[in-house]
Amino acid sequence: MSDQSKPLRVLVVGCGNMGSSHATAYHNLEGFEICGIVSTGKSKEVLNEKLGGGYPLFSDFDKALATTQPDAVCISTYPDTHEEFAVKSFEAGCHVFIEKPVADSVAGAERVVAAAVKAGKKLVVGYILRHHPSWEKFVALSHEVGKPLVMRMNLNQQSDTSMWTLHRNLMKSLSPIVDCGVHYIDVMCQMTRSKPVQVYAIGARLTDEIPADNYNYGQLQIRFDDGSVGWYEAGWGPMVSETAFFVKDVFGPKGSVSIVAKEAGGEGKSSSIEAHTKTESIRVHHSDLDANEKFAKPDTWINLEDEPDHQELCNREQRYFLKSIRENIDLTDHMHDAVNSLRIAFACDESVRTGQVVVL
């Protein structure tokens, strides 16, 4: 973009939870201007009204892209449309912000990255935890407990009403451990800074309301080159237990680091999007023992002051998107990491279906 002072004209595609949060960011942040809103259903009207009205509305993506000729496209639709919309956007000369996963297959994700590189445009993937100061701190502290690491993480969601509708729709194209797991696999890769070498996963289909070949509970295990291991579990649905649904924990030879979300991890919060990103405090435990083999140091509690809510995290993602365009940031590693975490998640899917360990 030649004129840095001109706002970036963005076409918003998909108006669900994430799409409307990103649109709100574009609406409120300097440097952006929404040039159109796209959805197949009524959600675009709801979003337009929430933002004060006046934005052009479209039901058809191709028509919207041709009519508005945006500088950038924000894609927050269901994953089975991600690849098509992203590639068309790059071919039209646009930058792209896309919600994870990049596509609904690894090959599709690679095609999206190739299209970005060919067009010479920016591709930013919605890895929201990378913009959360507490998660950045959690990852940084994990580098101080030695190697190998043991990483334990989950996010089980007991869902009904609109959240269960959302989960059912997501499961038409992805399993919970792929959709959510990419975030936590990405975190594990940042923690170990090591190559994942094999995965094993199990899954269970606890309802007939999802496709016969999918499952709404899954647990994956990853083994890394440096001896580190990690597990992640995710379950969606009205039958999911809210006991121990929020575990974020890493330990190594020198001790452990844990996210302790007293509020977000509390009763009846598992389906709250707002609660998922809350960390509240980090507990650091030291394994050093004194001459009597008692713990030499007390645990340290870090109470987190900069605790952005869900909307502020989306604002931060979009500021990064704008910065990457205006400052021409090299996003090679960012794109590689997004494809890599998806490759690992799909390997977990394969393991669930075959019952075999998958070597990466």
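The nonpolar cores, the two largest pockets and the surroundings of one helical serine are described here for a predicted model.

The largest nonpolar core comprises 86 residues, and those with the most contacts inside it are Leu 11, Leu 123, Phe 138, Met 153, Ile 177, Met 191 and Tyr 232. Helix 12 (residues 332–354) contributes the largest share of this core, ten residues. Because domain 1 (8–125) and domain 2 (130–308 + 341–359) both give residues to this core, the core lies between them. A second, separate core has 22 residues, among them Ala 25, Ile 34, Ile 37 and Phe 97. In soluble globular proteins, nonpolar side chains tend to be buried together.

Met 153 is among the residues with the most contacts inside the largest core. With neighbours within four places in sequence left aside, Met 153 is in contact with Phe 138, Tyr 184, Val 187, Met 188, Met 191, Trp 231, Tyr 232, Glu 233, Val 247, Lys 248 and Asp 249.

The largest pocket has a volume of about 1,200 Å³. Its lining consists of 46 residues, of which Asn 17, Met 18, Ser 76, Leu 166 and Leu 170 are the closest to the pocket centre. At least two lining residues come from each of helix 1 (17–28), helix 4 (82–91), helix 7 (161–170), helix 9 (181–192) and helix 10 (273–276). The most is given by helix 7, with seven residues. By class, 18 residues of this lining are nonpolar, 23 are polar and five are charged. Domain 1 and domain 2 both supply residues to the lining of the largest pocket, and the pocket therefore lies between them.

The second largest pocket has a volume of about 160 Å³. Arg 130, His 131, Tyr 320, Asp 330, Leu 331, Thr 332, Asp 333, His 334 and Asp 337 form its lining. Helix 12 gives the most to this lining, with four residues; the same helix gives the largest share of the largest nonpolar core. The lining of the second largest pocket is made up of two nonpolar, three polar and four charged residues.

Ser 324 is located in helix 11 (residues 310–326). This serine has a relative accessible area of 0% and is therefore buried, the cut-off being under 20%. Apart from neighbours within four places in sequence, Ser 324 is in contact with Lys 122, Val 124, Ile 329 and Leu 331. Of these contacts, Leu 331 also belongs to the lining of the second largest pocket.

Conventions
Residues numbered from 1 in each chain as written. Predicted model: local features only at pLDDT ≥ 70, side-chain atom pairs only at ≥ 80, totals over all residues. Heavy atoms only, no water. Core = buried A, V, L, I, M, F, W, Y, C linked by side-chain atoms within 4.5 Å. Buried < 20%, exposed > 50% of the residue type's maximum accessible area, 1.4 Å probe, protein only. Domains from an automatic or database assignment. Contact = heavy atoms within 4.5 Å. 1 Å grid on protein atoms, 1.4 Å probe; cavity = no way out; pocket = protein on both sides within 12 Å on 5 of 7 lines; lining within 4 Å. Points joined across faces, edges and corners; volume = space filled by probe spheres on them. Nonpolar A, V, L, I, M, F, W, Y, C, P; charged D, E, K, R; others polar.
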